[in-house]
Amino acid sequence: TGGSSRPFRVVLLGARGVGKSAIASIFAGAADSMDSDECELYGDEVCEQTITVDGEKATVILVDNWDSEDEGGSSQDQCIQTGDAYLLVYSITDRSSFLQASELRISLRQHRPAHHTPIILVGNKCDLVRRREVSVTEGRACAAVFDCKFIETSAAMQHNVWPAFHGIVQQLRLRRDTK
Ligand code: GDP
Ligand code: MG
């Protein structure tokens, strides 16, 4: 498939402190290793980047403004309505963030009733093994119930963060191709 398609808007959701901005900065830093592609930043909260997934380029706009919006306010509603796909982040060291991810999954279902909105449940901080409060099994089971993919990441160790972005692009393409 040739030609450039519309950018994919991917929204980071999750409790404060789980590592959303750390994940976003890895995404933003992708340009550092190459001198050609440069991340276009629109403020700190939105970053547009063209990445290659399965040999095909994809332009992704990553949105990290969840925490700066008023809780339960209309801008949070808007944030939850405007994504093409979502990374639902919790910290494996913080059970309450895991419960909040579940609540967010329910809000997403209410706001985005259309099926097949790509969502990945992301258990971040998996480097902090001794502080783990949520097991891999629980994370995976939750994702199965919520009908979404699952991955554990460590933004600190730069572990599995790119596979998460690639996974969301793959899901977006599948959805686009079956429309
Ligand atoms: P946000 O509120 O969701 O945007 O979370 P931040 O990205 O600001 O991260 C909150 C804190 O967790 C910061 O001190 C980060 O350095 C730390 N942090 C983020 N990701 C990881 C990770 O994967 N492992 C560890 N050990 N710390 C992390
Ligand atoms: Mg943040």
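## Helices, hollows and a lysine

The axes of helix 3 and helix 4 (residues 136-145) come within 11 Å and cross at roughly 10°. That makes helix 3 roughly parallel to helix 4, because angles under 35 degrees get that label. This is a predicted model, where local features need pLDDT of at least 70 and side-chain atom pairs count only at pLDDT 80 or more, while totals for chains, interfaces and linings use all residues. Residues are numbered from 1 along each chain as its sequence is written, chains are lettered from A and ligands numbered from 1 in the order in which they are written, and side-chain values use heavy atoms, with hydrogens and water left out.

**The helix pair**

- Helix 3 brings Arg95, Phe98 and Ser102 to the contact (heavy atoms within 4.5 Å), and helix 4 brings Glu138, Gly139 and Cys142.
- Sorted by class, that contact has two nonpolar, two polar and two charged residues.
- Helices here are DSSP runs of H or I with at least four residues, strands are E runs of at least two, and both are numbered from the N terminus.
- Axes are lines fitted to C-alpha atoms, for helices over the stretch in contact, with angles from 0 to 180 degrees between N-to-C directions.

**The second largest pocket**

- About 370 Å³ of space lies in this pocket (on a 1 Å grid over the protein atoms alone, an open set of points with protein on both sides within 12 Å along at least five of seven lines).
- It has 16 lining residues (an atom within 4 Å of a point), and the closest to its centre are Trp66, Glu71, Gln76, Gln100 and Leu104.
- Helix 2 (74-81) and helix 3 (95-111) are the elements that give two or more residues to this lining.
- Helix 3 gives the most, with five residues.
- The pocket's lining counts four nonpolar, six polar and six charged residues.

**The cavity**

- Searching the whole structure turns up one cavity of 30 Å³ or more (a set of points where a 1.4 Å probe fits but cannot get out).
- The largest cavity has a volume of about 40 Å³.
- Its lining is made of Ile23, Leu87, Val89, Val122, Thr153, Val161 and Ala164.
- Strand 5 (85-91) and helix 5 (161-177) each give two or more of those residues.
- By class, the cavity lining has six nonpolar, one polar and no charged residues.

**Lysine 57**

- Look for lysine 57 in strand 4 (residues 56-63).
- Lysine 57 counts as exposed (over 50% relative accessible area, 1.4 Å probe, protein chains only), because its relative accessibility is 57%.
- Leaving out residues up to four places away in sequence, lysine 57 touches Thr50, Ile51, Thr52 and Arg173.
- Lysine 57 and arginine 173 are 116 residues apart in sequence, yet 11 Å apart in space, C-alpha to C-alpha.

Technical notes:
Grid points are joined across faces, edges and corners, and a volume is the space filled by probe spheres set on the points. Ala, Val, Leu, Ile, Met, Phe, Trp, Tyr, Cys and Pro count as nonpolar, Asp, Glu, Lys and Arg as charged, and the others, Gly among them, as polar. Angles under 35 degrees count as roughly parallel, over 145 as roughly antiparallel, 65 to 115 as roughly perpendicular and the rest as oblique. Buried means under 20% relative accessible area, exposed over 50%, partly exposed in between (1.4 Å probe, protein chains only).
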